[in-house]
Amino acid sequence: MEQPFDLVIIWAGIIGFSVMMYVLMDGFDLGQGILYPFAPDDHSRDIMMNSVAPVWDGNETWLVMGGAGLLGAFPLVYSVFLPALYIGVFLMLAGLIFRGVAFEFRFKANTTKYIWDWAFAGGSFVATFAQGAVVGAYVQGFATDNFVYVGGAFDWLTPFTIITGLGLVAGYALLGSTWLIMKTEGELQQWAYRVTLRLLVLVLLVFAIISIYTPFVDAGVMERWFHGFSIIWFLPLLALYSAYLIYSSVKKQQEGLPFVATMGLFLFTYLGLLASKWPYLVPPDYTLWDAASAYESQLFLLLGFLFVIPFVLGYIAWSYWIFRGKVKGGYH
Amino acid sequence: MELDPLLLSRIQFAFVVCFHAIFPVFTIGLASFIAVLEALSLKTGNPLWQRLSKFWIQVFAVVFGMGVVSGIVMSFQFGTNWSNFSYATANFLGPVLSYEVITAFFLEAAFLGVLLFGRDKVPQGVHLFAAMMVALGTFISSFWILSANSLMQTPDGLVLRDGLYYVASWTDAIFNPSFGYRFLHMALASFLTASFVVAGVSAWFIMQKRELAANKKALSISLWLILILAPAQVVVGDFHGLNTLKHQPMKVAAMEGNWETGTGVPLLLFALPDQENQQNLFEIKIPKLASFILTHDWDGEVPGLNEVAPEMQPPVFIVFWAFRVMVAMGMLMVLFGLAGLWLRRGDRYLESKPFLNGLRVMSLSPFIAVLSGWIVTETGRAPWLIYEQMTHAQGLTPSLTGGMALFTLIGYVLVYAMVFSAGVFYLMSVFRGGLETANAEQTDSDVEKAQRPISAANANLDGGL
Ligand code: HDD
Ligand code: HEM
Ligand code: HEM
């Protein structure tokens with residue numbers, strides 16, 4: 001078929017955007033679960049949960065969006081990643097279920113409240129770790145033959161993916177703590193300021209380990225970054241600048257900037273990762289173009305997207321607006 | 001013994017999808033019911049409508065929450081266990097599922113928050129609008145997902161090239177031959193489900209003499225709905241069956257338990273299909289009736305299972321009996337609709353103990369009918385994943401081992417067992433709390449609790465304080 005535009009690039013942008021939306025939005029509410037066991041007291045836990053309660057549902061829909069969008073635009077990713085990460089995906093889903101149920105039941109339970117506390121913390125941790133391991137597995141690449149995954153059940157679980165898994169746990173916790181700075185006040189906010197600095201150190205540490213480790217996992221990455229100076233070096237520099245902003249805004253006790261800067265940190269790290277692997281979507285063998293669905297399918301979906309997504313973003317923003325402001329003693 | 005990943009994956013898929021299906025059929029109908037209650041409340045200003053709405057929104061919140069959690073699992077099942085199928089059909093399935101997300105799921109998720117927690121934050125009209133958007137979202141969602149499923153039953157508008165499907169016509173593919181029937185049948189099933197649950201719960205309240213004025217209104221509305229919808233479902237089901245006869249004759253042969261193609265085929269009321277020997281045991285039959293129902297001619301020809309080799313036949317016993325259970329439920333529903341009409345004279349339907357007790361039991365009937373209906377549809381398609389084009393075995397994930405499949409199957413069963421029992425337990429306490437608790441003045445601590453779908457219900461899970 002005659003193809004007036006290369007839709008593959010546009011779709012790479014849309015899917016990339018959806019994944020980033022998911023990471024940022026579900027990231028801060030998964031972060032609440034990760035921070036949960038360390039919260040100063042039970043009342044703070046109530047506030048933490050309430051601060052994300054009306055929105056986490058919509059946040060998680062971006063995950064479904066990413067899954068369905070990949071099936072629509074880059075089916076090879078869907079049909080290689082999911083079998084390859086079979087056990088990991090199960091753990092992530094089980095984590096998300098327990099966590100969702102904990103949201104629902106914690107406030108109802110009195111004598112059994114502690115069970116739902118653990119379900120919320122444990123579910124969030126497991127789901128986040130599994131997502132981080134997926135990122136690591138992507139960097140590692142997959143054993144494929146003729147567009148089909150041929151590796152084993154635990155190929156994805158290596159020291160490298162364990163580090164990326166733990167790294168994402170620290171990262172989501174940072175998103176969570178800076179979200180709390182923005183949405184709370186008083187003692188809990190002060191606690192969040194303190195935790196943020198510690199998490200920042202942790203995240204930078206993992207950042208350093210991964211940066212040193214990655215080129216050894218994948219020679220292509222080494223080639224790309226160290227073969228002369230290139231424009232992509234701006235990305236880690238911007239990420240470091242975001243980290244500095246987090247530090248300085250926390251020191252100045254600013255309320256919104258830490259969260260925004262953390263989003264920046266995530267964004268530039270993510271773009272850096274994409275720059276390392278571009279144009280491979282199912283490394284080491286298949287590029288974006290190999291993984292893409294048929295031109296007419298991408299076109300059909302794109303027309304709908306262009307029309308519907310502005311409305312979607314509009315009413316999501318509206319629902320955030322309705323529940324705006326500081327969370328006080330459970331009120332919105 | 002070698003673990004069979006195919007069998008285990010089929011059991012797993014059937015388990016997770018049946019578990020998911022229970023919740024949407026109820027929420028689709030209930031969402032519309034709530035929107036109607038909100039509209040009546042806004043229009044008449046009668047506080048009873050709002051009392052009812054507040055109560056049913058709490059029930060809705062619990063069921064919807066479980067639907068979301070189990071639905072997220074579903075969207076990954078295609079890739080984990082059926083990756084060859086997903087990859088081959090992605091050009092169609094991918095866009096359709098993506099449309100479902102952007103047109104339905106986001107709509108539901110965003111307006112749900114406002115519906116559940118926004119009553120005091122937005123004007124009443126906006127709140128009604130949110131209720132309508134949630135109801136609309138559930139319908140759009142079933143539109144897309146049923147289109148995807150119908151395509152697997154009656155593929156159309158696709159061309160196969162090098163093992164991949166390409167869409168030749170989007171309208172043919174989306175509005176494939178069985179889609180319209182399935183959508184209507186499912187929409188009626190959802191309305192019937194909500195009607196029977198509302199009727200059963202209201203009957204229970206009335207027997208306890210609680211909130212009589214409001215619950216009588218709810219019971220009356222649901223009985224009128226049942227009176228119209230139940231016979232309509234029988235008619236639509238009949239057309240659905242005729243369409244199936246045209247496109248999937250072996251499924252109908254299994255539903256009828258008919259082993260040999262013939263004319264003047266009897267309708268079997270009871271039989272034990274014996275697939276090994278390709279015959280039925282203990283038949284009780286009405287002569288020629290199957291021919292008449294299916295061809296509208298007493299001597300019409302009806303296809304039999306002998307037209308294909310035994311290994312290409314669906315599991316007859318399951319299809320045969322699941323179909324009978326569904327139809328029996330449908331007939332019972334019609335009966336209750338008529339009984340309700342009969343008892344209206346002198347308002348006896350509010351007094352009759354046997355009738356009210358019957359309604360309580362009948363609130364389970366739509367769930368039984370829906371699950372058996374899906375079992376007919378899906379098992380009757382076997383061994384095909386895409387009818388006459390791709391078998392279950394061809395669609396399976398190649399790298400999947402029996403051990404992996406067994407591990408996740410056990411995992412899902414355990415997780416769902418816990419989630420489901422907690423959910424049912426909680427729903428029961430919402431019912432026990434009734435309209436009174438749902439409308440009680442909220443204290444500070446209630447507001448604190450009421451920030452999530454299930455926690456929007458003002459009842460205590462484990463009874464403690
Ligand atoms: C006839 C209706 C129907 C059917 C056959 C299915 N669903 Fe469903 N689904 C719904 C009707 C629905 C719904 C009414 O729209 C739900 C129920 C509760 C909810 O939140 O939305 C839902 C929720 C729901 C969600 C969560 C949405 C969210 O995040 O808000 C997902 C991902 C799926 N479903 C996916 C599936 C898949 C992959 C199915 C195929 C096997 C499936 N559903 C069958
Ligand atoms: C929500 C209502 C649904 C229910 C209750 C349901 C039920 C079932 C059952 C019981 C089976 C097992 C049949 C067997 O293996 O003998 C099955 C198979 C299957 N169904 Fe559905 N189904 C539903 C909707 C869907 C939809 C919407 C799709 C696709 C878009 C779908 C795709 C499949 C696939 C791929 C299989 C093959 C796997 C297997 O055999 O278990 N189903 N379903
Ligand atoms: C007595 C009247 C009924 C008849 C004749 C009837 C007929 C049918 C037929 C022939 C199918 C299979 C279609 C196919 O696989 O191609 C089916 C499926 C189904 N039925 Fe029924 N049905 C009746 C009552 C009901 C009732 C009362 C409910 C629920 C409240 C129900 C819910 C379903 C569902 C959920 C399915 C699976 C989805 C689908 O294929 O539409 N049915 N029905």
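This is a short talk on the shell around ligand 2 in chain B and a nonpolar surface patch on chain A.

Okay, hi everyone. Before I start, keep in mind that this is a predicted model.

Let's begin with ligand 2. There are 18 residues around it, and the ones that come nearest are Arg10(B), Asn149(B), Trp374(B), Glu378(B) and His392(B). If you sort the shell by class, you get twelve nonpolar residues, plus three polar and three charged ones.

So where does that shell come from? In chain B, helix H1 (5-44), helix H4 (124-153) and helix H12 (365-379) each put in at least two residues. H1(B) gives the most, with six.

Now, the polar side of things. Glu378(B) has a polar side-chain atom 2.6 Å from a nitrogen atom of the ligand. On Arg10(B), a side-chain N or O atom sits 2.9 Å from an oxygen atom of ligand 2. And for Asn149(B), the distance from a side-chain N or O atom to a ligand nitrogen is 3.3 Å.

Right, over to chain A and the surface. Here we have a nonpolar patch of about 570 Å², made by Leu91(A), Phe125(A), Val126(A), Phe154(A), Leu157(A), Ile162(A) and Leu166(A). Helix H6 (113-140) and helix H7 (159-183) of chain A each supply at least two of the patch residues.

Let me pick out Leu157(A). You'll find it in the loop between strand S2 (148-149) and H7 of chain A. Its relative accessible area is 40%, so Leu157(A) counts as partly exposed, and that value clears the cut-off of over 30% used for patch residues.

That's my bit, thanks.

Note on methods. Residues numbered from 1 in each chain as written. Chains lettered and ligands numbered in written order. Predicted model: local features only at pLDDT ≥ 70, side-chain atom pairs only at ≥ 80, totals over all residues. Heavy atoms only, no water. Near = heavy atom within 4 Å. Polar contact = N/O pair within 3.5 Å; in protein donor to acceptor, adjacent residues only side chain to side chain. Helix = DSSP H or I, 4+ residues; strand = E, 2+ residues; numbered from the N terminus. Nonpolar A, V, L, I, M, F, W, Y, C, P; charged D, E, K, R; others polar. Patch = residues over 30% accessible without salt bridge, like charges linked within 9 Å, V, L, I, M, F, W, Y side chains within 5 Å. Areas by Shrake-Rupley, 256 points an atom, 1.4 Å probe, with all protein chains shown as cover. Salt bridge = Lys/Arg side-chain N within 4 Å of Asp/Glu carboxyl O. Buried < 20%, exposed > 50% of the residue type's maximum accessible area, 1.4 Å probe, protein only.
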